[in-house]
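Subject: The structure for you to look at

Hi there,

Here is the structure I promised to pass on. Have a look around it first, and then read my notes below.

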Amino acid sequence: MKGITIPVALAVTLMAGSAMAAPTAEAIARNCVVCHGPKEAGQLEIPKIANYPARKMVEMLTGFRAGQKEATIMDRIAKSLTDEQIQALAAHFASQ
Ligand code: HEC
């Protein structure tokens, strides 16, 4: 039983985390940096998102979320974002 108890507890914690009221743009942005690189400057095949125009960021993220823009991974990431979070991220990265 011990073997499954821990993963279940972890899953519950993660679900509770994602159900929490609107995490700040800064908190979400920390996840973006993992792929988009230090200072969001991009790395390897991953585009730069620092100083990214806010309107284009909203257009890209909503496009990925709707499956209208070709993506290897961003479609799945965008699906976890609300409209409010997309707006907040757009404002955040535009000012980086
Ligand atoms: C798992 C790695 C990963 C994470 C995490 C990630 N991205 Fe991306 N991002 C990519 C890749 C790869 C692309 C290129 C499109 C594709 O293949 O999905 C991309 C493309 C983009 C683009 C389009 C850039 C352009 O001009 O084409 C934007 C905007 C973007 N990401 C924003 C974000 C934001 C905001 C977050 C955090 C919520 C984020 N990304 C998190 C990997 C990631």
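Let me begin with the ligand, where α2 supplies the largest share of the surrounding shell, with six residues. One thing to keep in mind from the start is that this is a predicted model.

**Around the ligand**

The ligand is surrounded by 19 residues, and the closest of them are C32, C35, A71, T72 and M74. Three elements give two or more residues each to this shell: α2 (25–36), α3 (54–65) and α4 (74–79). What kinds of residue make up the shell around the ligand? By type, 16 are nonpolar and three are polar, while no charged residue is found there.

**The overall fold**

The protein chain has five helices and zero strands, so if you read along from the N terminus you will meet α-α-α-α-α. Of the 96 residues in the protein chain, 15% are buried. If you look at contacts with a separation of 6 or more, 54% of them are between residues 24 or more positions apart.

**How confident the model is**

The average pLDDT of the protein chain is 82, and 77% of the residues score at least 70. Which element has the lowest mean pLDDT, and which the highest? Helix α1 (residues 2–19) is the lowest, with a mean of 48, and α3 is the highest, with 98. Please be careful around residues 6–20: pLDDT stays under 50 there, and the model has zero contacts beyond four places in sequence for that stretch.

**The nonpolar core**

In soluble globular proteins, nonpolar side chains tend to be buried together. In this model, the largest nonpolar core has 10 residues, namely I49, M60, L61, F64, A78, I86, A88, L89, A90 and F93. The elements that give two or more residues to this core are α3 and α5 (83–94), and α5 gives the most, with five residues.

I49 is a nice member of the core to click on. Leaving aside residues up to four places away in sequence, I49 touches C32, H36, E40 and F93. C32 is also among the residues closest to the ligand, and F93 is another member of the core.

**A closer look at α5**

Which residues of α5 are buried? They are I86, A88, L89, A90, H92 and F93. The cover over these buried residues includes α2 and α3. You can also check the length of the helix yourself: with 12 residues at 1.5 Å a residue, α5 should span 16 Å, and this agrees with its end C-alpha atoms, which are 16 Å apart.

Q85 also lies in helix α5. Q85 counts as partly exposed because it has 18 C-beta neighbours inside 10 Å. Its C-alpha atom is 8.3 Å from that of I28, although Q85 and I28 are 57 residues apart in sequence.

**A closer look at α2**

The same length check can be made on α2: its 12 residues should span 16 Å at 1.5 Å a residue, and the end C-alpha atoms are 15 Å apart, which agrees. Just after α2 comes G37, whose phi is positive, near 90 degrees.

A27 lies in helix α2. Is A27 buried or exposed? A27 counts as exposed, because it has 12 C-beta neighbours inside 10 Å. In sequence A27 and L89 are 62 residues apart, yet from C-alpha to C-alpha they are 9.8 Å apart in space.

**Two more residues to find**

The first stop is N51, in the loop between α2 and α3. N51 is not a glycine, but its phi is positive, at about 55 degrees. N51 is exposed because 12 other C-beta atoms lie within 10 Å.

The other stop is D75, in helix α4. D75 counts as partly exposed, because it has 17 C-beta neighbours inside 10 Å. Not counting residues up to four places away in sequence, D75 touches F64 and G67. D75 and R65 are 10 residues apart along the chain, and their C-alpha atoms are separated by 5.1 Å.

Enjoy exploring, and send me your questions.

Best wishes

Note on methods:
Residues numbered from 1 in each chain as written. Predicted model: local features only at pLDDT ≥ 70, side-chain atom pairs only at ≥ 80, totals over all residues. Near = placed C-beta within 6 Å. Helix = DSSP H or I, 4+ residues; strand = E, 2+ residues; numbered from the N terminus. Nonpolar A, V, L, I, M, F, W, Y, C, P; charged D, E, K, R; others polar. Core = buried A, V, L, I, M, F, W, Y, C linked by C-beta atoms within 7 Å. Buried ≥ 20, exposed ≤ 12 C-beta atoms within 10 Å, placed from the backbone. Contact = placed C-beta atoms within 7 Å. pLDDT = per-residue confidence, 0-100. Expected span 1.5 Å × (residues − 1).
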